[in-house]
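I opened this model to go through its side chains and secondary structure. The entries below follow the order in which I looked things up.

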Amino acid sequence: MSFRSLNNIGGWLVFAISTTVYILTLEPTASFWDCGEFIASAFKLQVPHPPGAPFFLLVGRLFSLLAGNDLTQVAYWVNVSSAIFSGLTILFLFWTISLLAIKMYPQATPDNLTPYQTYTILASAFIGALAYTFTDSFWFSAVEAEVYAMSSFFTALVVWATFKWDLIDDEVQSNRWLIFIAYATGLSIGVHLLNLVTMPALGLLYYYKKYKNPNIYGAIVAMMGSLVIIVIVMYGVITGLPVIAGNFEIFFINSIGLPFGTGISVFIILFLGALVAGIYYSHAKNKVLLNTGLLAFAFVLIGYASYGVILVRAQYNPPINENNPNDIMRVVYYLKREQYGDRPLLFGTTFASKLVDQEKGTAYYRKNDKKGKYEIFDYKTTNKYDNNIFFPRIHSRAPGHAQLYREILQLSPDETPTMGDNLKFFFQHQLGHMYWRYFGWNFIGRESDEEGAGTLSPFASNDFIPSEIANNKGRNQLYALPLIIGLLGFFYQMFRNRNMFYVTFMIFFMTGIALIVYLNSPPVEPRERDYIYAGSFYGFAIWIGLGIMALAQLFTFERNAIIALITAITPDNKKTELTTIKNSSALRGIIGSLIVGIGVVSIMAVEGWDDHNRSNRYHSIDFARNLLNSCAPNAILFTGGDNDTFPLWYIQEVEGVRRDVRVCNLSLLGTDWYIEQMKRDTYESKALPISLVYDNFIQGTNEQIPYLQQHPNFNPSDIKLLQEKGMNLYEYFQLLKNNESVLSVDFGNFKLNTLPSKRLVIELDKKAIAKQNFVPKGLDSLMQDAIIWDLNMDELYKSDLLVLDIIATNAKNGWQRPIYFATNLSNANYMGLLEYMQQEGIAYRLMPVPIKGAKTGYVNSDLMYENLMKKFLYRELNNPNVYYSDTYRSFPMNLRKAFYKLAAQLLSEGKKDKAKEVVLKCFEILPDNPNLYDVYTPPLIDVLLQVGEVKKAEEVANTMTRRADENLAYLFEIGSNDEYKIQSNFTIIAQVASIMVENKNPNAPKYEAIYQKYVNRIER
């Protein structure tokens, strides 16, 4: 059988293996983070967060149809698409390695290989592809509906296609491959931009083929030209063309007075006309290079045209319509990802720089249908700072980041950072922590799945570490074997074929270290970001495959063959052909290298299986369902970040659960487009009660409203009265709505509306509230004529302002809508209203009745019992065979907290039997395995003791104390300065000891002794 046939069979074999692995370990529903948003957006072709992923959505929509009428299977089938595209990535990686491996043999082609060469090449491709199959980062993305799996596919496709192009000598045929590569690149833009960073590597390959005598200067020029292409695509095509179209539109509408859309139409006609004319001219004049370039550009645009989905769907304003890019101005804002701000690359500030000036930047336009023109409503503010530096790495000025920079760099509070500190952060944190640590996870070993876990040394032992770490499913010991084989391939290719080494190295470098430079990470990220650098690990997997080639020759054990290998990989003997190897030795070499390779791949598979197997994991969706079912009909539910919101979007949009509840994301509520969406009906949910109009919350208006204790527009006596008696919130919003000058204060270059009092008053219609019968008996008598409370903040952001507007307007309307806040929000999000909040599940309901001193809200035991014990779903949370990562386990923690609050409330009401039922239910659905006992567990021990479950209480106490004792002993032994881990483990020991002492448990002295052992060390 020919090499080509065997190569095809081998590729499809690794595709079958990898795809099977990914489908077996697939998450059966929408996982946390962006997956819920993407699945919901794909299912109905909606508009996700910028810059969107239209091609991904189109493919996801096709896969969602495989669910048929069973909408609960939509997420599964969209996840399957990631598994299949990941398998295709492995397929093209196999073929890429085989093409590169051929180049290790001088004068070899796919048609003249010897049997030894054939099987050595196939063995190297097989092991290299399977090694990448089981890498930690790639496997993670392969089993969920995120864009990174499909993005990796396009990277693998383009790289393979480029090497295929390299084999073709016929110029006409090879140019067709270039046009195909351009089209694939255009399509990849509709998934993710990571594919573009491979361009310098592909530019090098182009240079090496076209120029017979390449040199370093030519290679540099080729790479610089490729970087220019990246800039053209990113800033000339993706955002540049819409910007130019927008300028045409503004000119034709504002200056000439023509109807909306005229400028865009003229631009499209002129642009496409020029492109077609150029293609025709270059063809007619036989200008091959120009014709190929223009055709390639045209096919990039054809692929990029998938973004038309975003513009078309935004016109219909679907429920998920982030940024509402329904006209050219909004499309530009959307594609530029302006809501995320800018990160400096070559020159900029440090975290310690001071603001010295502000300048008006780019004008923001909006479409005014009444006037028939576009009008400027705001300008992009350009801040000017002192102490700017080159290559700014310590740039972030986000809240809390300055302190983190100082901790990482060990700077005192008043110390000014230097360029040395800047470079230290780059090498230590950005490169070390945010790249090489991830590289180590994939090819050396991973300590655990805890946030911030390091690389596991190949010599590490489990003998002297805490059981919590030793038994962690994310602890993967690879013994650095993939690294060793990869380094062997690295040097083998470096000396055997220097040109192809440079190409491979550029793939590795541009998708890894170069990305680190470009992304310029802040000191902390919301989660681990290793999946971003999967392309770099793809490059290293190529070297793992080539390392198998070197091993194959070493394992022949023929002296001449080994000498030939050594001489072949020395710089002065790059063209030396390998000696002829006897058939028996060749077989020994191939089998030996395969055994080693399969052994290494097997270790990677076995070690990674338990922490990548997401089968039977449902809590992300059960959490969403439970949160929605915590709410009364027609409720308004305020949520926080992505993980609080995206699962809710998924379950409402796809599975149709509780569409009467309006989910309101506080992190988006500061944007005008989102507020507009909240002001309209969606499914069974009516528009939110917002009194402010568009001009009050348009971008650039009321972004920040400071509290002024001494207000220049009020008499001191009036201010004193407002601050003592409180300010009527509804009346305040009427002033704000009417732009009354009494609230406006001049702050130098700009004016801001202000808050004259932090004591607020919301008047109540007691009769209207009574008719709705939602206030529990016993509390109705506590209702006053108004809610009076003090804000717990010194300034309001727009999202805070809108929350208050909704509350005040809803009260004015007779409290028609139940208002809820998720229980896992930050304390500031409750705005000082916790005494008015009743917990009914895993959400607080805002009530017109306070319970004084209820700093964490109060519990309606009847409703909460009904929800936690009868309505909520807890699928597979107690299954020890289901994997829950350290990040994932933070969500069940909130359940333990809810069960404790309910049980404690029942005890205070004298309902001991019900409290016992509740606490036992908690430990039934949330045992220590798989969801380790956490900081919310010790209070449950107290409940167990009070309801007579002494044996269970002691069992839990022993488990928690033993584990915390192990952890602290280990942390002190290694001299750890991780204050969070030290304090959390010590707190557990202190809580358990205190509970045992208070309940006069006979074993209390044992726990007290463990506590005392650490008191002095902690206090030091």
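**Entry 1: strands**

I began with a cross-strand pair: isoleucine 762 stands opposite isoleucine 787 in strand 14. The model is a predicted one, and I read it as such. Strand 13 (residues 759-763) is joined to strand 14 by five bridges, and the two run antiparallel.

I then looked up the sheet around them. It is an open sheet of three strands, with the order 10-13-14 and mixed pairing. Strand 10 (727-728) and strand 14 (786-790) stand at the edges; each has a single partner strand, so one side of each is left without a neighbour in the sheet.

**Entry 2: helix 30**

I moved on to helix 30, which covers residues 729-737. Which of its residues are buried? I noted Leu729, Tyr732, Phe733 and Leu736. Looking down the axis of helix 30, I found these buried residues within an arc of 95°, so they line one face of the helix.

I checked both ends as well. At the start of helix 30, asparagine 728 brings a side-chain oxygen to within 3.1 Å of the backbone nitrogen of tyrosine 730. Asparagine 739 follows helix 30, and its phi is positive, near 55°.

**Entry 3: aromatic pairs**

I described each pair in two values, as a pair of aromatic rings is described by the distance of the centres and the angle of the planes. With a limit of 6.5 Å between ring centres, I count 80 aromatic pairs. I wrote down two of them.

One is formed by tryptophan 12 and phenylalanine 15, which meet edge-to-face, at 5.4 Å centre to centre with 85° between the planes. Both residues lie in helix 1 (residues 3-24), three residues apart, about one turn of the helix. Is tryptophan 12 exposed, partly exposed or buried? Tryptophan 12 has a relative accessible area of 44%, so I list it as partly exposed. Phenylalanine 15 has 18%, so I list it as buried; the cut-off for buried is under 20%.

The other is formed by tyrosine 183 and phenylalanine 299, also an edge-to-face pair: 6.1 Å centre to centre, with 90° between the planes. This pair links distant parts of the chain, since tyrosine 183 is in helix 8 (residues 171-189) and phenylalanine 299 is in helix 13 (residues 288-304), 116 residues apart. Tyrosine 183 is partly exposed because its relative accessibility is 30%. I have phenylalanine 299 down as partly exposed too, at 30% relative accessibility.

**Entry 4: charges over rings**

I looked for charged side chains over aromatic faces and noted two cases. Lysine 209 lies over the face of tryptophan 165, 4.3 Å from the ring centre. Arginine 393 lies over the face of phenylalanine 391, 4.0 Å from the ring centre.

**Entry 5: cysteines**

How many disulfides are there in the whole structure? My search of the whole structure gave zero disulfides. I followed up cysteine 631, which is in no disulfide; the nearest cysteine sulfur is that of cysteine 664, 12 Å away. Why does cysteine 664 make no bond to cysteine 631? The closest cysteine sulfur to that of cysteine 664 is in cysteine 631, and 12 Å is too far for a bond; a disulfide needs the sulfur atoms within 2.5 Å.

I also looked up how accessible the two residues are. Cysteine 631 is buried, with a relative accessible area of 6%. Cysteine 664 is buried as well, with a relative accessible area of 0%.

How values were computed. Residues are numbered from 1 along each chain as its sequence is written. This is a predicted model: local features need pLDDT of at least 70, side-chain atom pairs count only at pLDDT 80 or more; totals for chains, interfaces and linings use all residues. Side-chain values use heavy atoms; hydrogens and water are left out. Rings of Phe, Tyr and Trp (its six-membered ring) pair if their centres lie within 6.5 Å; planes under 30 degrees apart count as stacked, over 60 as edge-to-face and the rest as tilted. Helices (H or I, at least four residues) and strands (E, at least two) are DSSP runs, numbered from the N terminus. Buried means under 20% relative accessible area, exposed over 50%, partly exposed in between (1.4 Å probe, protein chains only). A charge sits over a ring if NZ of Lys or CZ of Arg is within 6 Å of the ring centre and within 35 degrees of the ring normal. The arc is that of the directions from the helix axis to the C-beta atoms. A polar contact is a pair of N or O atoms within 3.5 Å; within protein, one must be able to donate a hydrogen and the other to accept it, and residues adjacent in sequence count only if both atoms are side-chain atoms. Two strands pair if DSSP finds at least two bridges between them.
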